[in-house]
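This report looks at the pockets, the ligand surroundings and some backbone features of one protein model. Please read it alongside the sequence and the structure.

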Amino acid sequence: MAILARRFGARSRKTSIGEFLGTPTDLIPELLAFANVNGSDVVYDLGCGDGRILIEAATRYGCRAVGYELDPSLCRIARDLASREQVNHLVTIHNADAMAAEIGGADVVFLFQPPDTVSRLVPELLKQLSPTGRIVAHEQSRVRCDPSPAASRPLFSPAALTVAHLWKADPTPGA
Ligand SMILES: C[S@@+](CC[C@H](N)C(=O)[O-])C[C@H]1O[C@@H](n2cnc3c(N)ncnc32)[C@H](O)[C@@H]1O
């Protein structure tokens, strides 16, 4: 994501794009299904926290999963969790700035970041993804983004509520 780094001026200084707040674990299976994740996908999470989305993707679908996380302690937790769930061969955690990530190999990119960050990142990420690439973000508050999501869906459980948004690199209906 050298393009992102240039676009947002994150050259040598690592720039936080959001604080840690984990996606409610009981919503993750639905988020993965919403993104239509399958076993041949490579799933990225930019700002992966404790790796919960990646680990669920790898466990559930057997897909490869790659995370970028600035906080080294969260990276350690993510790697430990991946080992515990026996998916450490599928999950790679980079203790690195997501703004410097190369996302060309990603099929699905997850973003759980503040709405203004999502609005800024989505158009840039869409330029870098392959035609089958998808981006999924979820937020409780409204996300204003150009382009608009191809689909949005409320997700809720007894303990949590959010709205998931899906963008496709190829916006053709049915793609
Ligand atoms: C809201 S949390 C989301 C965690 C995880 N994706 C999830 O959904 O459970 C955002 C994460 O992004 C990380 N972060 C913030 N700026 C970052 C950056 N520039 N590069 C990598 N990680 C970053 C934070 O440390 C935090 O763990």
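What follows describes a predicted model, beginning with its pockets and ending with its backbone.

**The largest pocket and its ligand**

The largest pocket holds about 380 Å³ of space, and of the 28 residues that line this pocket, Gly18, Glu19, Gly47, Glu69 and Gln113 are the closest to its centre. Among the elements that each supply at least two residues of this lining are β1 (42-46) and α3 (52-61). Sorted by class, the lining of the largest pocket is made up of 13 nonpolar, eight polar and seven charged residues.

The ligand sits in this largest pocket. Around the ligand there are 24 residues, of which Thr15, Ile17, Thr23, Gly47 and Glu69 come nearest, and the shell that these 24 residues form divides by class into 11 nonpolar, eight polar and five charged residues. Polar contacts to the ligand include the three pairs set out below.

| Residue | Atom on the protein | Atom on the ligand | Distance |
|---|---|---|---|
| Glu69 | polar side-chain atom | oxygen | 2.6 Å |
| Ala98 | backbone N or O atom | nitrogen | 2.8 Å |
| Gln113 | side-chain N or O atom | oxygen | 3.1 Å |

Taken alone, the ligand exposes 600 Å², and the protein buries 96% of that area. Glu69 and Gln113, whose side chains make two of the listed contacts, are also named among the residues closest to the centre of the largest pocket, while Glu69 is in addition one of the residues that come nearest to the ligand.

**The second largest pocket**

About 190 Å³ of space lies in the second largest pocket, which is lined by Thr25, Ile28, Asp50, Arg52, Ile55, Glu56, Thr59, Leu81 and Glu85. The element that gives the most to this lining is α3, with four residues; α3 also supplies at least two residues to the lining of the largest pocket. By class, the lining of the second largest pocket consists of three nonpolar, two polar and four charged residues.

**Backbone features**

Most residues other than glycine have a negative phi, and most peptide bonds are trans. Against that background, two sites deserve a look. Asp146 and Pro147 are joined by a cis peptide bond with an omega of about 10°, and Pro147 has its place in the loop between β5 (134-139) and β6 (151-157). Asn36, a residue other than glycine, has a positive phi, near 60°, and is found in the loop between α2 (28-34) and β1.

How values were computed: Residues are numbered from 1 along each chain as its sequence is written. This is a predicted model: local features need pLDDT of at least 70, side-chain atom pairs count only at pLDDT 80 or more; totals for chains, interfaces and linings use all residues. Side-chain values use heavy atoms; hydrogens and water are left out. On a 1 Å grid over the protein atoms alone, a cavity is a set of points where a 1.4 Å probe fits but cannot get out, and a pocket is an open set with protein on both sides within 12 Å along at least five of seven lines; lining residues have an atom within 4 Å of a point. Grid points are joined across faces, edges and corners, and a volume is the space filled by probe spheres set on the points. Ala, Val, Leu, Ile, Met, Phe, Trp, Tyr, Cys and Pro count as nonpolar, Asp, Glu, Lys and Arg as charged, and the others, Gly among them, as polar. A residue is near a molecule or strand if one of its heavy atoms lies within 4 Å of it. A polar contact is a pair of N or O atoms within 3.5 Å; within protein, one must be able to donate a hydrogen and the other to accept it, and residues adjacent in sequence count only if both atoms are side-chain atoms. Accessible areas come from the Shrake-Rupley method with a 1.4 Å probe; for residues, only the protein chains shown count as cover. A molecule sits in a cavity or pocket if more than half of its atoms lie within 2 Å of its grid points.
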